[in-house]
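Visitor: I would like a close look at a single part of this model, followed outward into its surroundings in one connected account. Please take your time over it.

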Amino acid sequence: GDEDPTRVLIEAEPPQPLLKENTQDTAAIGELFSYRITVPSTPHSAPLYDVRLFDDLGASAADLEFVRVERIGGTGGWTPVNTGTSTNLVIEDPGAGIDIPLGGQAVVEVTVRLLDTPNNVPGLTFINTASWTYNQLDANTADERPGVPGSTPPMTIVEPDLTMEKDGPAQMLIGVPGAYSLDIHNVGGATAYTATITDLIPDTPQGGLCDTPPGQVTARLFEADGSTPVGVALVEGTDFAVSFDGVPDCRLTLSMLSTAAAIGPDQRLIIPYQALLDDDSQEEVGFTNVAGATQWYSGDPSVPDALVHADTRVLTDGTVGTLDHEDAHTTILFAGRLMYEKT
């Protein structure tokens with residue numbers, strides 16, 4: 001008869017589990033993303049005092065690291081902080097305590113980073129589980145009770161993956177520009193940032209296309225069909241940079257600079273340009289360009305403290321017939337002939 005009726009009610013009706021939600025379905029290596037935790041998942045019929053949240057990131061199948069925690073909702077003057085480690089989190093307010101009034105909830109977002117480790121590979125799925133405790137009486141640690149944990153749905157690690165298709169004229173005339181194009185397709189599940197595209201311009205003893213720098217270089221993003229534009233045309237010097245190293249390197253390099261030039265999943269970056277045959281090129285000789293995407297990032301490397309993953313590729317012979325990061329195209333000099341017949 002002397003028992004606190006609120007205490008009896010809590011013991012008879014424990015609060016519902018916490019709700020832990022993903023704020024996105026996938027994450028790229030190095031990317032920051034957040035978990036949202038609502039405690040309890042539905043409002044409780046009695047106050048909950050000195051709530052503490054526990055999240056062992058090391059128990060996840062993926063390698064994660066704590067970045068920050070923010071308060072999203074709830075009443076009272078509490079501020080959440082992580083008093084644990086970067087992988088074994090304890091979210092609480094050591095001063096005021098996270099107190100949830102009758103019928104209330106507390107909502108926080110925990111931001112973590114997906115680390116660049118051998119364990120974190122594309123296609124890996126993982127979940128994350130958080131647990132919690134509460135007091136039935138304010139500031140009474142002897143009265144602490146465990147809450148029911150909650151887990152997220154599975155998330156999947158994704159990464160950008162660039163392929164290259166190079167096109168150009170089958171034949172060219174000396175003095176007449178030929179139209180070439182580089183078609184870079186992101187077949188991965190994450191955005192590719194600050195991609196570097198390298199085109200090895202041919203230069204041989206029989207001639208080539210290296211004496212005159214390529215010109216009329218433009219760049220634009222398109223949907224997967226290659227014809228539906230995404231945004232406006234990219235601006236040279238702002239969104240991308242063009243450099244050309246002449247003889248003996250004969251290398252055209254295109255560097256994407258801005259987030260406007262980031263290639264989203266299933267988008268294409270198409271780069272047309274013009275090139276001229278060298279004056280000493282010989283007739284019926286084939287001149288082969290090898291081009292490819294040689295580097296890209298899983299996140300924006302210009303963001304402060306970014307720990308994004310870089311993918312680097314090496315150009316070989318273009319692997320014609322295989323859809324991968326590189327391709328090749330051969331142009332033959334067509335000199336033209338006049339035939340005279342006298343009858």
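Where is P40 found?

Guide: The model is a predicted one, and what follows should be read with that in mind. P40 is found in the loop between strand 3, residues 32-39, and strand 4, residues 48-56. The peptide bond that leads into this proline from V39 is cis, with omega near -15°. A cis peptide bond also joins V247 and P248, where omega is about 10°, and P248 has its place in the loop between strand 21, residues 240-245, and strand 22.

From that loop the account can pass to strand 22 and to the core that this strand helps to build. The largest nonpolar core has 34 residues, and L182, I184, I197, M256, L269 and I271 are the ones that touch the most other members. Strand 22, which spans 251-256, is one of the strands that each supply at least two residues of this core, the others being strand 14 (162-167), strand 16 (178-186), strand 17 (193-200), strand 23 (268-275) and strand 24 (286-297). In soluble globular proteins, nonpolar side chains tend to be buried together.

L182 gives a view of these surroundings from a single residue. Leaving aside its neighbours within four places in sequence, L182 is in contact with M164, E165 and K166, with I197 and D199, with L254, with L269, I270, I271 and Y273, and with A291. A second, separate core of 31 residues includes L53, A62, I98 and M155.

Strand 22 also holds S255, which counts as partly exposed because its relative accessible area is 22%, and the cut-off for a buried residue is under 20%. Apart from neighbours within four places in sequence, S255 is in contact with A195, D239, F240 and A241. For a sense of distance across the model, S255 and P118 are 137 residues apart in sequence and 28 Å apart in space, taken from C-alpha to C-alpha.

The loops that follow strand 22 and strand 23 each deserve a look at their backbone. D266 lies in the loop between strand 22 and strand 23, and although D266 is not a glycine, its phi is positive, at about 65°. This residue is partly exposed, with a relative accessible area of 41%. E284 has its place in the loop between strand 23 and strand 24, and its phi is near 65°, again a positive value in a residue other than glycine. E284 is likewise partly exposed, with a relative accessible area of 47%.

Charged side chains add another set of links, and a search of the whole structure finds 11 salt bridges. E165, which is among the contacts of L182, belongs to a network of salt bridges that links E165, D183 and R268. Elsewhere, E65 forms a salt bridge with R113, with the closest N and O atoms 4.0 Å apart. That pair links distant parts of the chain, since E65 is in strand 5 (residues 64-73) and R113 is in strand 9 (residues 106-114), 48 residues apart. The two partners fall into separate exposure classes: E65 is partly exposed, with a relative accessible area of 28%, whereas R113 is buried, at 10%.

Two further salt bridges can be set beside this one. E70 forms a salt bridge with R68, the closest N and O atoms being 3.7 Å apart, and here E70 counts as partly exposed at 37% relative accessibility, while R68 is partly exposed at 38%. The side chains of D143 and R145 meet in a salt bridge at 3.9 Å, N to O; D143 counts as buried at 2% relative accessibility, whereas R145 is partly exposed, with a relative accessible area of 24%.

A last element to follow is a sheet of 3 strands. This sheet is open, with the strands in the order 2-13-10 and with mixed pairing. Its edge strands are strand 2 (26-28) and strand 10 (125-126), each of which pairs on one side only. Strand 10 is joined by 2 bridges to strand 13, residues 155-158, and these two strands run antiparallel. Within that pairing, T125 stands opposite T156 in strand 13.

Technical notes: Residues are numbered from 1 along each chain as its sequence is written. This is a predicted model: local features need pLDDT of at least 70, side-chain atom pairs count only at pLDDT 80 or more; totals for chains, interfaces and linings use all residues. Side-chain values use heavy atoms; hydrogens and water are left out. A nonpolar core is a set of buried Ala, Val, Leu, Ile, Met, Phe, Trp, Tyr and Cys residues joined through side-chain atoms within 4.5 Å. Buried means under 20% relative accessible area, exposed over 50%, partly exposed in between (1.4 Å probe, protein chains only). Helices (H or I, at least four residues) and strands (E, at least two) are DSSP runs, numbered from the N terminus. Contact means heavy atoms within 4.5 Å. Two strands pair if DSSP finds at least two bridges between them.
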